[in-house]
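Q: I should like to learn how to read the contact between two chains in a model. Where should one begin?

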Amino acid sequence: MANRSSTRMPKTEKASNGGRLVIDHDECAGCGACPAVCHSLALRLDALTLEIEYELCDNCSLCVIVCPTGALSVVEKHTCVRAG
Amino acid sequence: MVASAIENADAVIVGCGVAGGLLGGRLARDGFRVIVLEKRPQIGVPVRCGEAAGSRQEISQFIPIDESWIVAEINAARMYAPNLTFVEKRFPGVGVMINRDEFDQALAGQAENWGADVRSHHEVTGLRWRDGRVCGVKVKRHTDKTTYDVDARVTVGADGVESFVGRWANLTGHLRAKEIHTAAEYLLEGEGFPTDTIEIYVGRKISPGGYVWVFPKGDRFANVGVGVHPKMAKNGTARDYLHRFVEGHFPDAKKRRFIAGGVSGTKPLKTMVGDGVLLVGEAGRHNNPFSGGGIMNALEGAEEAHKVLKIGLERDTLDNEFLRRYDKAWHNRNGQVIHRFALLREFFFKLDDDDMNRVVSVLDKIVSARPGKITDYTEVFRAAFKTTPGVLWKARRMLW
Ligand SMILES: Cc1cc2nc3c(=O)[nH]c(=O)nc-3n(C[C@H](O)[C@H](O)[C@H](O)COP(=O)(O)OP(=O)(O)OC[C@H]3O[C@@H](n4cnc5c(N)ncnc54)[C@H](O)[C@@H]3O)c2cc1C
Ligand code: SF4
Ligand code: SF4
């Protein structure tokens, strides 16, 4: 049994708002603040590179607010050509 | 699919920052087989720290002082109010400024010299469980993208602010917005920096819910950073606040390094232990929640964890009940103080710029009236609240 998480929350209505979290890797400093606040363990610093597990993300935007460099944003799906 | 290889250890430490480096080393020195896993390719890089540490004497309890990673002395602290009046207190020899990357590498080197197996670029991706208790970790080796498992009698989460170990082991949750400071810092080169004084600027406009720091880093250099409360910062990211401060105060300085980070600011955890697992350092929320400082707290936390784990490993008793000794020891050493600083943090969020101007002016009076007598910051704040009725009501039951 691995990757158990008591903090995984049920998906909220925000999950269906059509947005999608996008990382601007040029701006990301790999600081680890966003994984610390993500309630669903959707974000992980893979050594130094930030990765998103989209199935877990409900677009709550907390990581966007916390990011010290503005590297994260939630964009409307149709404007998102390529995430990450 | 090929099954992962399994290695064995007495203790596996996740994260080789200050807490992991010290604890791994101390357990190895006792003769235990210790594996320390660090996901970053190079220990301590990139730096995520303002780099202000305790005194030489305090540090030398954990590692022999090496002047090569000490870059400046801290003999005084100065706090600027929003109206730029300030209070200054001299504390000769109170701390040193360090190169944090070299410091973490020195701790890792000490651990290796004592026999620990320190592996960088090895990331822990999950825990191993047996009969409801943690019995090791799953590892991804980034160099060749292979995976393996470590079976260990005890697993330590020393994985810093992100701490997934705490969450996998059901000991911690995610940090809420009010429990994190988001921060950005430049290493600046130029003129006009303090040489042996750490400077703090407070104000809702320049650093809502946090502060700006100007820390000396040797001749012509300083770490200048801003930490903000993410929900109170309505005027951009931490980096935007930093830019504005630097443009206003040090417009001619050269920006030599940029770093960012999140610093936890919570009350102490109810428990930092489970069956076969414990948390140390920022993973265990050991930071001072008011200042964000965590280097010395992480070292002290590692020291307490070491004492309990040494006995636990010798007796092969590493269950939740036994490990609670560590909870208790840490709480007695630092937990109560951390709790008070967490309350002070909540109080600080309520102050507006006028309140802060008043607090700094009162602090100045108190500090000038009692040179040398102050041993505890909370004592100063308590005196300030007593003599500043305007902000007293906001501090109801916050401090005492
Ligand atoms: C901007 C900023 C300024 C600060 N300024 C100061 C200051 O001036 N003075 C002070 O005392 N404190 C300061 N702090 C706080 C201080 O840096 C931390 O409290 C301290 O680093 C905590 O030490 P630690 O050993 O617990 O964690 P860390 O030093 O963060 O070490 C944790 C390590 O674990 C690794 N890790 C994480 N997950 C995994 C995984 N899954 N597998 C393997 N490895 C993993 C990380 O890569 C990291 O190296 C500051 C923090 C920030 C962000
Ligand atoms: S928006 Fe960010 S914090 Fe919220 S679930 Fe998605 S990744 Fe996590
Ligand atoms: S908070 Fe921002 S800078 Fe830090 S790791 Fe996340 S995206 Fe990168």
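**Reading the interface and a buried residue**

A: One may begin with a single pair: in this predicted model, B:Glu123 forms a salt bridge with A:Arg44, and their closest N and O atoms are 2.5 Å apart.

Q: How many salt bridges are there between chain B and chain A?

A: Between chain B and chain A the count is three salt bridges. For polar contacts, 15 residue pairs are found across this interface.

Q: Which elements of chain B supply residues to the side that touches chain A?

A: At least two residues each come from several elements of chain B, including strand S8 (133-141), helix H4 (164-168) and helix H5 (238-249). Strand S7(B) gives the most, with five residues. By class, this side of chain B has 16 nonpolar, twelve polar and ten charged residues.

Q: How much area do chain B and chain A bury between them?

A: The two chains bury about 2,800 Å², with 59% of it on carbon and sulfur atoms. B:Trp129, B:Phe164 and B:Arg167 supply 19% of the area that chain B buries against chain A, more than any other three residues. The contact takes 38 residues from chain B and 33 residues from chain A.

Q: How does one read a single residue: is B:His286 buried or exposed?

A: A residue counts as buried under 20% relative accessible area. B:His286 is therefore buried, because its relative accessible area is 1%. B:His286 is found in the loop between strand S16 (277-279) and helix H6 (295-315) of chain B.

Q: Which residues does B:His286 touch, leaving out those up to four places away in sequence?

A: Among them are B:Met272, B:Leu279, B:Tyr326, B:Trp330 and B:Ile338.

How values were computed
Residues are numbered from 1 along each chain as its sequence is written. Chains are lettered from A and ligands numbered from 1 in the order in which they are written. This is a predicted model: local features need pLDDT of at least 70, side-chain atom pairs count only at pLDDT 80 or more; totals for chains, interfaces and linings use all residues. Side-chain values use heavy atoms; hydrogens and water are left out. Helices (H or I, at least four residues) and strands (E, at least two) are DSSP runs, numbered from the N terminus. Buried means under 20% relative accessible area, exposed over 50%, partly exposed in between (1.4 Å probe, protein chains only). Contact means heavy atoms within 4.5 Å. Buried area is the accessible area (1.4 Å probe) that two parts lose on being put together, summed over both. A salt bridge is a side-chain nitrogen of Lys or Arg within 4 Å of a carboxyl oxygen of Asp or Glu. A polar contact is a pair of N or O atoms within 3.5 Å; within protein, one must be able to donate a hydrogen and the other to accept it, and residues adjacent in sequence count only if both atoms are side-chain atoms. Ala, Val, Leu, Ile, Met, Phe, Trp, Tyr, Cys and Pro count as nonpolar, Asp, Glu, Lys and Arg as charged, and the others, Gly among them, as polar.
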